[in-house]
2 protein chains.
Amino acid sequence: MGRRPTIIDVAKLAGVSKSTAARALSDSPDVNEVTRDKVRKAAIASGYERNHLAVGMRSGRSGLFGLVIPDITNPFWAEVARGAQDIVGENGASLLVFSSDWDHDREASHLRALRQARVEGAIVNPVSDNAEDFGRFGVPFSLIGSSAERFPDTPSIGSDIRQAVRLGLDHLVARGHPAPALILGPKSRLARARFLRSVHEHCLERDIDPAVLQVEDGDYTFEGGHSAMQRLMARQPSGHLTVFCANDLMALGAMLAVREAGRECPRDVSILGFDGVPAGAFSWPGLTTIEKPARELGRRAAQALFDEIAGRPQDGRTYLPCRLIERGSLADLSVQTPLRVAGAGRS
Amino acid sequence: MGRRPTIIDVAKLAGVSKSTAARALSDSPDVNEVTRDKVRKAAIASGYERNHLAVGMRSGRSGLFGLVIPDITNPFWAEVARGAQDIVGENGASLLVFSSDWDHDREASHLRALRQARVEGAIVNPVSDNAEDFGRFGVPFSLIGSSAERFPDTPSIGSDIRQAVRLGLDHLVARGHPAPALILGPKSRLARARFLRSVHEHCLERDIDPAVLQVEDGDYTFEGGHSAMQRLMARQPSGHLTVFCANDLMALGAMLAVREAGRECPRDVSILGFDGVPAGAFSWPGLTTIEKPARELGRRAAQALFDEIAGRPQDGRTYLPCRLIERGSLADLSVQTPLRVAGAGRS
DNA sequence: GCCACTTCCGGTAACGTTCCCAATAGATGC
DNA sequence: GCATCTATTGGGAACGTTACCGGAAGTGGC
């Protein structure tokens with residue numbers, strides 16, 4: 001009894017040929033309802049389960065999709081994975097998940113595994129800046145994240161950084177912080193340039209000279225944000241300090257630096273993050289931040305894949321809007337300042 | 001050129017039979033080195049990549065493994081997934097990842113998908129308390145987490161709750177908190193009973209009457225910890241309060257409640273968590289907690305699977321030790337108290 | 001010079017499924 | 001009653017791989 005039942009066993013049990021059994025179980029219209037019932041009962045009785053390996057071989061459709069992200073342990077990418085998982089599951093397929101650790105070789109090896117598994121499509125956040133790798137990938141794929149911009153002619157999904165930065169700057173200005181300091185990522189990263197460019201554009205729109213903005217480089221880590229904030233405070237030891245961080249982890253690190261320096265957020269220092277990681281909700285004060293639609297990113301990327309495979313028209317690059325989450329890390333200077341200037345205010 | 005090259009193409013290009021080509025590429029000793037080289041070159045030249053679907057069908061080994069966890073978005077389970085991913089990858093296989101959302105039907109459907117994909121083995125955190133489901137699973141599997149105890153005769157991995165609780169209680173006693181209040185999970189959960197039982201055992205060992213301990217029920221959420229803490233503070237409005245929470249999320253919720261009540265942690269309230277989630281490092285104060293070895297859990301579960309498949313002897317149930325992480329949420333009453341009592345102290 | 005043995009290779013079958021084609025039977029039209 | 005049509009079924013081939021079996025050389029011993 002070690003063997004799993006095959007469709008031949010089912011056919012035998014139902015007293016029909018394997019062709020008929022296959023037809024019955026795949027809802028083909030060319031089979032008598034009575035026969036279909038008989039086959040279905042036989043399938044259940046024998047504990048038959050379709051062998052997807054064989055199906056994939058015969059039909060060319062493996063029912064498998066691939067996801068290659070930097071690290072499943074990173075909450076942002078976990079959300080992306082979940083979104084992709086959901087859509088892939090809804091379409092009756094399964095998802096192979098890989099973590100590349102931002103490593104070229106690992107990425108390449110995972111892509112090879114994906115091809116060998118004959119996945120029908122793959123969602124990738126590319127570490128590689130070598131477009132050729134993907135040109136010869138040989139499997140439908142959609143790219144996710146900012147580095148996808150390097151591959152202009154493939155469908156890709158990302159968050160709308162320009163809109164996100166506008167959202168952040170609007171909020172900062174409305175709260176009376178017209179010229180925030182910036183804690184950015186390392187110069188080597190494409191995302192840094194994009195973020196900075198967006199800030200500049202929006203500053204110009206508001207007649208703010210971008211050169212006025214203080215800039216510190218971090219490395220997208222907690223520690224990086226922490227030391228960047230220390231440098232910022234050293235440069236401006238008094239007065240209210242406002243910081244717009246390029247990600248939440250650095251913002252959280254900055255918050256710690258503020259507290260260690262004996263200053264208080266948001267009384268002395270205002271902090272705005274960018275990402276929407278869960279930890280931002282548990283800090284004190286809660287981190288005001290701009291949330292990237294991580295799960296939706298994963299859903300869209302998967303959907304794009306199915307659309308592409310089905311031959312439905314593709315959008316090319318899609319940018320998803322971000323959302324501002326107000327928690328408590330931003331002081332409202334717009335109320336305080338008029339009071340001081342005018343010396344009076346209602347209630 | 002749409003077709004992917006097969007081993008027959010390679011054989012043709014190399015001027016040998018497909019049997020020889022297959023042998024050459026699978027490192028069989030029964031092939032001349034010169035021929036092997038010829039085949040290898042032909043394989044590279046044609047861009048051949050082994051079709052795992054066909055291999056799986058012929059050999060019965062799909063190179064696929066499955067993982068079913070409650071939610072990949074949960075940092076604990078993401079770590080588990082990562083551990084499993086790493087071990088599976090090291091063995092040249094790939095991992096199918098599913099999220100069950102603690103839902104029976106979803107779990108069942110994912111297990112079916114796993115069987116149909118002909119995975120060689122699966123790692124599951126079972127939602128179901130129905131052992132029969134797994135008895136007839138028909139695929140080697142290893143269980144992970146506390147509910148695995150319901151399946152005594154299958155290999156399973158979990159964290160050592162008794163050891164963890166001992167660690168926590170030792171630390172609490174050493175810091176001068178002999179009788180902490182407890183914020184637990186809901187009564188319906190097996191994990192709650194286990195945690196509570198361990199606490200009782202360790203209390204008895206120290207001649208502490210377990211009945212003295214205040215107990216509040218949470219539901220493992222941030223909000224649940226928040227309201228449980230409010231109830232606790234209402235019951236004991238003054239004096240130092242110490243709380244041992246059954247998970248970090250509730251501990252973080254409790255911390256917020258403390259702050260909202262105008263009390264301060266750790267000055268007025270000491271909090272000990274349990275899990276080791278990353279967010280605990282970003283709170284203020286940092287959460288002192290007991291870390292479960294999540295990634296190692298995943299690694300071990302995967303390793304157990306490979307051992308089982310290879311026919312290596314199995315341990316049955318394995319409990320992995322936890323680790324105390326000291327951050328700042330616990331006051332040191334052992335110093336303070338003697339000072340008050342004795343009225344003097346050095347420096 | 002014959003036999004046994006090793007080394008290497010080719011042919012064929014099989015894994016489980018689906019697709020295509022042909023065949024059967026009954027129904028319909030004339 | 002015969003041709004035609006439809007509904008339903010069965011038989012084979014094919015997907016790409018590996019395992020098994022047998023054969024062809026070459027080697028060495030006597």
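In this predicted model, strand E6 of chain A (residues 181-184) is joined to E7(A) by 3 bridges, and the two run parallel. Within that pairing, Leu184(A) sits opposite Asp217(A) of E7(A). The pair belongs to an open sheet of 6 strands in chain A, laid out in the order E7-E6-E8-E9-E10-E12 with mixed pairing. At its edges are strand E7 (215-217) and strand E12 (323-325) of chain A, each of which pairs on one side only. Going from one strand to the next, the twist averages 20°.

Turning to the core, the largest nonpolar one holds 164 residues, and the members touching the most others are Leu96 and Ala254, in chain A and in chain B. Ala254(A) also has contacts farther along the chain: leaving aside residues up to four places away in sequence, Ala254(A) touches Ile183(A), Gly225(A), His226(A), Ala228(A), Met229(A), Val243(A), Cys245(A) and Ile271(A). One of these, Ile183(A), falls within the 181-184 stretch of strand E6.

As for the DNA, strand D is surrounded by 24 residues, and the closest come from both chains: Ser19(A), Thr20(A) and Thr35(A), plus Thr6(B) and Ile7(B). Several helices supply at least two residues each to the surface near DNA strand D: from chain A, helix H2 (18-25) and helix H4 (52-59), and from chain B, helix H1 (7-14), helix H2 (18-25) and helix H4 (52-59). H4(B) gives the most, with 5 residues. Sorted by class, the surface near DNA strand D comprises 10 polar, 9 nonpolar and 5 charged residues.

Note on methods:
Residues numbered from 1 in each chain as written. Chains lettered and ligands numbered in written order. Predicted model: local features only at pLDDT ≥ 70, side-chain atom pairs only at ≥ 80, totals over all residues. Core = buried A, V, L, I, M, F, W, Y, C linked by C-beta atoms within 7 Å. Buried ≥ 20, exposed ≤ 12 C-beta atoms within 10 Å, placed from the backbone. Contact = placed C-beta atoms within 7 Å. Near = placed C-beta within 6 Å. Helix = DSSP H or I, 4+ residues; strand = E, 2+ residues; numbered from the N terminus. Nonpolar A, V, L, I, M, F, W, Y, C, P; charged D, E, K, R; others polar. Pairing = 2+ DSSP bridges. Axes fitted to C-alpha atoms, helices over the stretch in contact; angles between N-to-C directions.
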